[in-house]
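Colleague: Before I set anything up with this model, could you take me through the strands, the packing, the cysteines and the empty space, one question at a time?

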Amino acid sequence: MSENLKRINKFLSEVGYCSRREADKLIDAGRVTINGAVPEMGTKISPTDEVHVDGKRIENTNQEFVYLAFNKPVGIVCTTDTRVEKDNIIDFINYPKRIFPIGRLDKPSEGLILLTDDGDIVNKILRASNNHEKEYIVRVDKPISQTFLLRMAGGIYLEDLEKTTKKCVVKKIDSQTFSIILTQGLNRQIRRMCEYLTYEVETLKRVRIMNIPLDVPVGEYRELTKEEFETLNDLLTSSTKTYQENKAKQ
């Protein structure tokens with residue numbers, strides 16, 4: 001019987017309701033019930049248990065998952081809490097199925113963000129130790145110096161986060177614009193890095209996540225192609241394996 005048990009956050013992720021991280025928040029807020037009772041974090045359920053979120057029963061319909069590439073406009077917030085934030089990404093897209101964003105993109109930023117109802121792939125992509133590439137085009141408020149490019153690429157200690165940014169690839173595009181490829185996702189990372197070097201970000205656009213390019217107009221989305229998804233899966237499998245091997249060596 002124990003083999004059929006699974007944690008409630010994993011169940012909500014597998015049925016496409018939300019990511020495991022978001023499920024933990026729902027559980028902590030008391031919005032989830034199992035057979036009418038509010039569970040503790042980490043509670044396991046069996047196939048016969050009834051799960052509700054905000055009073056609505058959640059079931060595994062075994063439908064195919066959705067994977068979208070969306071060009072987020074400036075001013076839209078990457079949250080699924082439509083009750084709190086009126087300019088949220090879910091209401092803006094208005095997709096017929098319940099989906100949620102993979103990661104975040106700041107409200108004043110624009111560009112590529114992926115959305116899905118596949119909770120497992122969310123966890124794989126968000127695992128910071130997997131070093132997944134994300135590429136951005138950034139315009140700052142004054143001419144870019146060679147020192148700026150070297151410092152950005154070499155890593156900057158962000159005192160308020162108590163972390164040093166990983167080395168990254170930075171290329172100058174014109175006098176005030178550069179591209180940057182990150183393999184980590186610290187809070188407001190690019191803006192904080194620029195601020196440390198006395199530059200202010202004027203515009204910031206994400207143009208690529210791993211093998212997925214930004215190729216739709218602002219405010220529009222498309223489904224990932226079969227080839228894109230297969231490559232994405234290969235990259236996720238490879239990076240997860242590498243991370244596990246590195247842990248085993250420690």
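Colleague: How many of the residues of β6 are buried?

Modeller: This is a predicted model, and in it the side chains of β6 go to two sides, with Y67, A69 and N71 pointing one way and L68, F70 and K72 the other. Residues on both sides are buried, so that the strand is mostly covered, and the count of buried residues is 6 of 6.

Colleague: Which residue is the bridge partner of L68 in β8?

Modeller: Strand β6 is joined to β8 by 6 bridges, and the two run antiparallel. Within that pairing, the partner of L68 is L115.

Colleague: And in β16, which residue is the bridge partner of A69?

Modeller: The pairing of β6 with β16, which spans residues 221–223, is also antiparallel and is made of 3 bridges. There the residue bridged to A69 is R222.

Colleague: Which side chains of β9 point to the buried face?

Modeller: In a regular strand, side chains alternate between the two faces of the sheet. Strand β9 shows such an alternation, in that E135, I137 and R139 point to one face and are not buried. The side chains on the opposite, buried face are K134, Y136, V138 and V140.

Colleague: What is the bridge partner of I137 in β14?

Modeller: Strand β9 has an antiparallel pairing with β13 over 6 bridges, in which E135 is matched with I181. It also pairs with β14, again in the antiparallel sense, over 7 bridges. In this pairing with β14, the partner of I137 is K205.

Colleague: Which residues touch the most other members of the largest nonpolar core?

Modeller: In soluble globular proteins, nonpolar side chains tend to be buried together. The largest nonpolar core here has 34 residues, and the elements that give it two or more residues include β9, β13 and β14 as well as the helices α3, α5 and α6. The members that touch the most others are V138, F148, M152, F178, I180 and C194.

Colleague: Which residues does M152 touch, leaving out those up to four places away in sequence?

Modeller: M152 is one of the core members with the most contacts to other members, and α5 (146–154) is among the elements that give the core two or more residues. With sequence neighbours up to four places away set aside, the residues it touches are C168, V170, F178, I180, M193, C194 and L197.

Colleague: How many disulfides does a search of the whole structure find?

Modeller: A disulfide is a covalent bond between the sulfur atoms of two cysteines. For C18, the closest cysteine sulfur is that of C78 at 16 Å, which is too far for a bond. C18 is buried at a relative accessible area of 2%, and C78 is likewise classed as buried, at 3%. Over the whole structure, the number of disulfides found is 0.

Colleague: With which residues is S13 in contact, leaving aside neighbours within four places in sequence?

Modeller: S13 belongs to helix α1 and is buried, its relative accessible area being 0%. Beyond its sequence neighbours, its contacts are C18, S19, R20, D117, D118, G119, D120 and N123.

Colleague: Is D54 buried or partly exposed?

Modeller: D54 sits in the loop between β4 and β5, and although it is not a glycine, its phi is positive, at about 55°. Its relative accessibility is 44%, and it therefore counts as partly exposed.

Colleague: T198 has a positive phi as well; is T198 buried or exposed?

Modeller: The phi of T198 is near 65° in a residue other than glycine, and its place is in the loop between α6 and β14. With a relative accessible area of 55%, above the 50% cut-off, T198 is exposed.

Colleague: Which residues line the largest cavity?

Modeller: The structure holds 1 cavity of 30 Å³ or more, and about 40 Å³ of space lies in the largest cavity. The residues lining it are I102, L114, I125, K134, R206 and I209.

Colleague: Which residues lie nearest the centre of the second largest pocket?

Modeller: This pocket contains about 240 Å³ of space and has a lining of 14 residues. The elements that give two or more residues to that lining are α1 and β5. The lining residues nearest its centre are F11, I45, S46, P47 and D49.

Key
Residues are numbered from 1 along each chain as its sequence is written. This is a predicted model: local features need pLDDT of at least 70, side-chain atom pairs count only at pLDDT 80 or more; totals for chains, interfaces and linings use all residues. Side-chain values use heavy atoms; hydrogens and water are left out. A disulfide is a pair of cysteine sulfur atoms within 2.5 Å. Buried means under 20% relative accessible area, exposed over 50%, partly exposed in between (1.4 Å probe, protein chains only). A nonpolar core is a set of buried Ala, Val, Leu, Ile, Met, Phe, Trp, Tyr and Cys residues joined through side-chain atoms within 4.5 Å. Helices (H or I, at least four residues) and strands (E, at least two) are DSSP runs, numbered from the N terminus. Contact means heavy atoms within 4.5 Å. Two strands pair if DSSP finds at least two bridges between them. On a 1 Å grid over the protein atoms alone, a cavity is a set of points where a 1.4 Å probe fits but cannot get out, and a pocket is an open set with protein on both sides within 12 Å along at least five of seven lines; lining residues have an atom within 4 Å of a point. Grid points are joined across faces, edges and corners, and a volume is the space filled by probe spheres set on the points.
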